[in-house]
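Thanks for making time for this. I would like to walk through one structure with you, beginning with a pair of helices and then working outwards to the chain and its charged side chains.

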Amino acid sequence: MTVKSIHKAANDLLEQFGSDQLPVRIEDVARFKGINVVPFPLENDVSGILVIEPGGATIGYNQEESRVRRRFTVAHELGHFMLHNTQNDRKVFVDNTFKVSNEFKVLFRSKHGQEEPTTARMEFEANTFAAAILMPEKYVFQLINEIEFDLGDEAAVKELSRRFDVSSTAMYYRLLNLR
Ligand SMILES: [Zn+2]
């Protein structure tokens with residue numbers, strides 16, 4: 001799966017959701033896809049889970065984590081749902097706090113025993129989707145044009161991260177990747 005196709009999946013979903021509002025209401029976007037989104041009493045090192053069952057899907061997020069962190073977790077799990085839900089099997093994704101640095105746990109079952117994309121690749125794809133849907137490219141460029149922007153300007157990055165309701169780190173990487 002190419003980065004371009006992941007961006008397209010995120011943009012298409014936002015378009016179907018049909019809101020121009022910032023920050024993106026990521027929980028509502030997930031619910032729009034029929035996914036239950038609920039706080040979970042998760043263990044400390046677990047940020048989120050995605051459970052896919054024939055009857056429906058549920059995203060659980062760690063309620064102890066900061067709001068921007070929870071938003072990214074929901075977007076990341078939504079990415080798994082949109083990109084890696086190719087068979088109608090029961091699937092469980094478990095993501096720990098360090099998923100961004102690719103240290104994660106993923107439980108993955110396929111009853112057909114087919115070869116699956118490597119978990120590292122899937123984590124990268126879910127993170128790419130999360131960044132694309134929380135910080136849509138067109139709004140990033142729109143806002144950059146509105147403010148005097150320089151990537152070295154911490155205050156400007158912070159202001160952008162506030163508008164998208166993401167962490168400064170997530171914002172910074174998104175800006176780097178969009179260069
Ligand atoms: Zn994941």
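Let me begin with helix α5, residues 137-146, and helix α7, whose axes come within 11 Å and cross at roughly 95°. That angle makes α5 roughly perpendicular to α7, and I should say straight away that what you are looking at is a predicted model. I quote an angle and a distance together because two packed helices are described by the angle between their axes and the distance between the axes.

Which residues meet where these helices cross? On the α5 side they are Glu137, Val140, Phe141 and Ile144, and on the α7 side they are Met171, Arg174, Leu175 and Leu178.

Staying with α7, which covers residues 168-178, we also find Tyr173 there. Tyr173 belongs to a nonpolar patch on the surface, formed with Tyr172 and Leu176, and the three together have about 290 Å² of accessible area. Is Tyr173 buried or exposed, or something between the two? Its relative accessibility is 49%, so Tyr173 counts as partly exposed, given that a residue has to be over 50% to be called exposed.

Let me now step back to the chain. It contains seven helices and four strands, and if you read along the sequence, the order is α-α-β-β-β-α-β-α-α-α-α. Of the 179 residues in the chain, 46% are buried. If we take the contacts between residues at least 6 apart in sequence, 57% of them join residues at least 24 apart. The accessible surface of the chain amounts to about 9,600 Å², and carbon and sulfur atoms account for 49% of that.

That brings me to the charged side chains. The structure holds eight salt bridges, and I will concentrate on a network of them that links Arg25, Glu27, Asp28 and Arg31.

Taking the network pair by pair, the side chains of Arg25 and Asp28 meet in a salt bridge with an N to O distance of 2.9 Å. Arg25 is partly exposed, its relative accessible area being 32%, and Asp28, at 29% relative accessibility, also counts as partly exposed.

Asp28 forms a salt bridge with Arg31 as well, and there the closest N and O atoms are 3.5 Å apart. Both of these residues lie in helix α2, three residues apart, which is about one turn of the helix.

Arg31 in turn meets Glu27 through their side chains, in a salt bridge of 3.0 Å from N to O. Why are Arg31 and Glu27 separated by about one helical turn? The reason is that they are four residues apart in helix α2, residues 26-32. As for their accessibility, Arg31 counts as partly exposed because its relative value is 39%, and Glu27 counts as partly exposed at 26%.

So the two places I would ask you to look at again on the screen are the crossing of α5 and α7 and the salt-bridge network of Arg25, Glu27, Asp28 and Arg31.

Technical notes. Residues are numbered from 1 along each chain as its sequence is written. This is a predicted model: local features need pLDDT of at least 70, side-chain atom pairs count only at pLDDT 80 or more; totals for chains, interfaces and linings use all residues. Side-chain values use heavy atoms; hydrogens and water are left out. Patches are made of residues with over 30% relative accessible area and no salt bridge: like charges are joined within 9 Å, nonpolar side chains (Val, Leu, Ile, Met, Phe, Trp, Tyr) within 5 Å. Accessible areas come from the Shrake-Rupley method with a 1.4 Å probe; for residues, only the protein chains shown count as cover. A salt bridge is a side-chain nitrogen of Lys or Arg within 4 Å of a carboxyl oxygen of Asp or Glu. Buried means under 20% relative accessible area, exposed over 50%, partly exposed in between (1.4 Å probe, protein chains only). Axes are lines fitted to C-alpha atoms, for helices over the stretch in contact, and angles run from 0 to 180 degrees between N-to-C directions. Angles under 35 degrees count as roughly parallel, over 145 as roughly antiparallel, 65 to 115 as roughly perpendicular and the rest as oblique. Contact means heavy atoms within 4.5 Å.
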